[in-house]
Amino acid sequence: ELAGVEGDNGLVVKSQARHHAISARLEKPFDPSASGLVLQYEVKLQENLGCGGAYIKLLTAPFKGEFSDDTPYTLMFGPDKCGESKVHLIYRHLNPVTHEYTEHHLSQPPTPPIDTLSHLYTLTIHTNNTYAIAIDGSERRTGSLLDDFAPPVNPPKEIDDPKDQKPADWEDNEKIPDTAAKKPADWDEDAPLMIPDEDAVKPKDWFEDEPLLIPDPKAQKPADWDDEEDGDWAAPMISNPRCADAAGCGPWERPLMRNPDFKGQWSAPLVDNPLYKGEWAPRRINNPGYFEDRDLYKLSKIDAVGFELWTMQSGITFDNIYLGSSSSNAAALIADNVWKPKHDVELAISEALRPKSPPAPKPGFADVLRMFKDRIDEILYSISTFYGVLQSEGVVSALRQERAGAFGLLMVTMALGWLGWNASIILGFMYRLVVAAPAPPPAAVTAASADNKTASPDSGAKADRKASKSD
């Protein structure tokens, strides 16, 4: 489905839930001690990878017999997944003292991509004992062959003497119980940790005579119920509705509180041990198996490459295996000219086949109102719970148990205060505009008063005389 190159061939695992092994001998043994090592190959998980390996092995020279999981190898590298996903890097080292091989695993391996695309895994081991792991041309892990593997290749110079034994009279306890101490006469070891709170009072809305469950009054005996065969019919039990809003139903018991007289089991206080000698440790001796190999990059010669795998999936494809020296750029040329064009085509096909998710609908006005209402209901509920605990157990318990309610109450109080402050400003402004408006000028008042007076009989004559004088 994701064929990046038409007609491209590869080595494919065809069967699932089986053990597979295949190898190919090199034309001549490869010696990493000359100029380091570069190992590169492609992996494509056509059916993904649930549990199995996709790593490659470099087989130690001389390679003899049939290839199996017991065949000696120099190095193992590649992805593996069964629970944890990781890129294996394991090399085998010949101990010059015991002349036996030991395995050394990379302590913090990188995580491989688990998908159906072709991925390129590259391992480089340099002649300065450093390594680099790259996936798809990007470095994922670099470090030292001396420091990053477990167990370390080079053993310690000194070890604990296995024959050294701690003396029987060695005191390594810095503190000991005071033998002169005695338990106080008033120390009651039997006093319980919790006791009933004698100051507690039964709530007024606690109904001791009401059961928590009652027969469902709406239930009816089925028509096909036979008392002789089915037994006496009884209505199913439901929660007592009287207890829903009450403090409680049934027998009331005082809540428990910590016993102020509780002291627990008495033990003598600790004092300095006069015989204390410190922590004992066996003496150190020279390690008879000590050696120091400073050229770990000089791995054992390689005679063949192989895949020896157990996998629950089929369709694992291997391609374009390269083994060479770290000074060569052949691996980079293969990556740029062979793997990358194929991977780019596979990626484009994968993106085209990916189902497009429909755009998320925008919330309407009704949805926004509903979310706002739900949030308000949550705040009011938390405030109600806080107030209930405040009344029954006090402010300390309320603040400790219902912090959300306390915070909601604080926010509501602040909001109401802010609204009240703004309302007072607006009302004051309106009061000044309407009630305390300034009085009209005196002239206007005089004119208005003159208009309201009744005209006298002589008013017309006086007005004519004033007009004649003005003329």
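# Legends to close-up views

By class, nine nonpolar residues, one polar residue and one charged residue make up the lining of the largest cavity in this predicted model.

**View A. The largest cavity and the residues around it.** The model has one cavity of 30 Å³ or more. The space in the largest cavity amounts to about 50 Å³. Its lining is formed by Val43, Leu45, Leu49, Ala54, Pro79, Pro113, Ile114, Asp115, Leu117, His119 and Tyr121. Strands S3 and S9 each contribute at least two residues to this lining.

**View B. An open sheet of six strands.** The strands follow one another in the order S1-S24-S3-S9-S10-S11, and their pairing is antiparallel. Strand S1 (11–12) and strand S11 (138–144) are the edge strands, each of which pairs on one side only. Within a sheet, strands pair through backbone hydrogen bonds, in a parallel or an antiparallel manner.

**View C. The pairing of strands S3 and S9.** Strand S3 covers residues 37–45 and strand S9 covers residues 118–125. The two strands run antiparallel and are joined by eight bridges. One of the residues to locate in this view is Gln40, whose bridge partner in S9 is Thr122.

**View D. The second largest pocket.** This pocket holds about 330 Å³ of space. Its lining comprises 19 residues, and those nearest the pocket centre are Gln40, Thr122, Ala134, Ala331 and Ala332. Two or more lining residues come from each of S3, S9, strand S10 (130–135) and helix H2 (330–353). Helix H2 gives the most, with five residues. By class, the lining of the second largest pocket contains nine nonpolar, seven polar and three charged residues. Gln40 and Thr122, which lie among the residues nearest the centre of this pocket, are also bridge partners between the strands of View C.

**View E. Two cis peptide bonds that precede proline.** The peptide bond from Ala61 to Pro62 is cis, and its omega is near -5 degrees. Pro62 is placed in the loop between strand S5 (56–60) and strand S6 (73–82). Ala150 and Pro151 are likewise joined by a cis peptide bond, with omega about -10 degrees. Pro151 is found in the loop between strand S12 (149–150) and strand S13 (158–160).

**View F. Positive phi at Ala17 and Asn129.** Ala17 is a residue other than glycine, yet its phi is positive, near 55 degrees. This residue belongs to the loop between S1 and strand S2 (18–30). Ala17 counts as partly exposed because its relative accessibility is 34%, which falls between the limits of 20% and 50%. Asn129, also not a glycine, has a positive phi of about 70 degrees. Asn129 lies in the loop between S9 and S10. Asn129 counts as buried because its relative accessibility is 6%, which is under 20%.

**View G. Confidence along the chain.** The chain has a mean pLDDT of 84, and 88% of its residues reach 70 or more. Confidence is highest in strand S22 (residues 284–286), at 96, and lowest in helix H7 (residues 459–470), at a mean of 43. Over residues 444–471, pLDDT stays under 50. For residues 444–471 the model has one contact beyond four places in sequence.

Terms used:
Residues are numbered from 1 along each chain as its sequence is written. This is a predicted model: local features need pLDDT of at least 70, side-chain atom pairs count only at pLDDT 80 or more; totals for chains, interfaces and linings use all residues. Side-chain values use heavy atoms; hydrogens and water are left out. Two strands pair if DSSP finds at least two bridges between them. Helices (H or I, at least four residues) and strands (E, at least two) are DSSP runs, numbered from the N terminus. On a 1 Å grid over the protein atoms alone, a cavity is a set of points where a 1.4 Å probe fits but cannot get out, and a pocket is an open set with protein on both sides within 12 Å along at least five of seven lines; lining residues have an atom within 4 Å of a point. Grid points are joined across faces, edges and corners, and a volume is the space filled by probe spheres set on the points. Ala, Val, Leu, Ile, Met, Phe, Trp, Tyr, Cys and Pro count as nonpolar, Asp, Glu, Lys and Arg as charged, and the others, Gly among them, as polar. pLDDT is the predictor's confidence in each residue, from 0 to 100. Contact means heavy atoms within 4.5 Å. Buried means under 20% relative accessible area, exposed over 50%, partly exposed in between (1.4 Å probe, protein chains only).
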